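Student: I have a model open and want to learn how to read it. Where do we begin?
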Amino acid sequence: MGLNVYLSGEIHTDWREQIIEGAAGLDVSFNSPVTDHAASDDCGVRILGAEDQKFWHDNKGAKLNAIRTRKGIEDADVVVVRFGDKYKQWNAAFDAGYAAALGKSLIVLHGPDHQHALKEVDAAALAVAEEPTQVVQMLRYVLTGALPA
């Protein structure tokens, strides 16, 4: 059995790389949104043309990015959504809700400081982790039945 895992959420730390490296040797394929912040913000206007108003600039980018995000979440067996310490990550909350609505196996990843603010998101998840290593251990367990040493 293999897993297709979509890694959504915070883009300012290396949590994705930690999970991908930790899962080396497991039958897992990973996908994610575009994590180059500038490219993600500007994709719409760079491809479809400039906008005078910031709202329409952001709207074009959000819709174009949604094509990739929707496909990634819809194709995933497991969706991992990371909430970082900085910024309001409304897009991550939206992705978690979308995954939950589709009945995807959802793992939420965040520190204890976000526990209260994310209680509804956590309640929709099948697991809530604080560290990327815990996500790797979950994937290993699901695929092999092996517990951490």
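Tutor: Begin with strand pairing. This is a predicted model. S3 and strand S4 (residues 105-109) run parallel, and five bridges join them. For one contact, take valine 79: its bridge partner in S4 is leucine 106. From S3 the chain passes through H4 to reach S4, a right-handed β-α-β crossover.

Student: Which strand do five bridges join to S3, apart from S4?

Tutor: Strand S1 (residues 3-9). S1 and S3 also run parallel, joined by five bridges. Valine 5 has valine 78 of S3 as its bridge partner. Serine 8 stands opposite valine 81 in S3.

Student: How many bridges join S1 to strand S2?

Tutor: Four, and the two strands run parallel. S2 covers residues 28-31. Serine 29 in S2 faces asparagine 4. Handedness can be read here too: S1, helix H1 (residues 15-22) and S2 form a right-handed β-α-β unit.

Student: Next, burial. Is strand S3 enclosed or open?

Tutor: Count its buried residues, with buried meaning under 20% relative accessible area. In S3 (residues 78-82), five of the five residues are buried, so the strand is largely enclosed by the rest of the structure. Then check each face. Val78, Val80 and Arg82 lie on one side, Val79 and Val81 on the other, and all are buried. Both faces of S3 are therefore covered.

Student: How many of the seven residues of S1 are buried?

Tutor: Six of the seven, so S1 is largely enclosed by the rest of the structure as well.

Student: Now pockets. How much space lies in the largest pocket?

Tutor: About 960 Å³. Its lining has 31 residues, and the closest to the pocket centre are Ser40, Asp41, Ala62, Asn65 and Asn91.

Student: Which helices each supply at least two residues of that lining?

Tutor: Helix H2 (37-48), helix H3 (54-75) and helix H4 (90-101). H3 gives the most to the lining of the largest pocket, with 13 residues.

Student: What is the chemical make-up of the lining of the largest pocket?

Tutor: Sort the residues by class. The lining of the largest pocket has 11 nonpolar, 10 polar and 10 charged residues.

Student: And what lines the second largest pocket?

Tutor: Its space comes to about 190 Å³. Among the residues lining the second largest pocket are Phe83, Tyr87, Trp90, His114 and Leu118. Gly84, Lys88 and Gln89 are also part of this lining, as are Ala93 and Ala117. By class, the lining of the second largest pocket divides into six nonpolar, three polar and one charged.

Student: Last topic, aromatic rings. How many aromatic pairs are counted?

Tutor: Look at ring centres, then at planes. Centres must lie within 6.5 Å, and planes over 60 degrees apart count as edge-to-face. By this rule there is one aromatic pair. Phenylalanine 55 and tryptophan 56 have ring centres 4.7 Å apart and planes at 90°, so the pair is edge-to-face.

Student: Is phenylalanine 55 buried or exposed?

Tutor: Exposed, because its relative accessibility is 53% and the cut-off for exposed is over 50%. Tryptophan 56 counts as partly exposed, at 41% relative accessibility.

Notes:
Residues are numbered from 1 along each chain as its sequence is written. This is a predicted model: local features need pLDDT of at least 70, side-chain atom pairs count only at pLDDT 80 or more; totals for chains, interfaces and linings use all residues. Side-chain values use heavy atoms; hydrogens and water are left out. Rings of Phe, Tyr and Trp (its six-membered ring) pair if their centres lie within 6.5 Å; planes under 30 degrees apart count as stacked, over 60 as edge-to-face and the rest as tilted. Buried means under 20% relative accessible area, exposed over 50%, partly exposed in between (1.4 Å probe, protein chains only). On a 1 Å grid over the protein atoms alone, a cavity is a set of points where a 1.4 Å probe fits but cannot get out, and a pocket is an open set with protein on both sides within 12 Å along at least five of seven lines; lining residues have an atom within 4 Å of a point. Grid points are joined across faces, edges and corners, and a volume is the space filled by probe spheres set on the points. Ala, Val, Leu, Ile, Met, Phe, Trp, Tyr, Cys and Pro count as nonpolar, Asp, Glu, Lys and Arg as charged, and the others, Gly among them, as polar. Two strands pair if DSSP finds at least two bridges between them. A crossover is right-handed if, with the strands pointing away from the viewer, the path from the first strand over the helix to the second runs clockwise.
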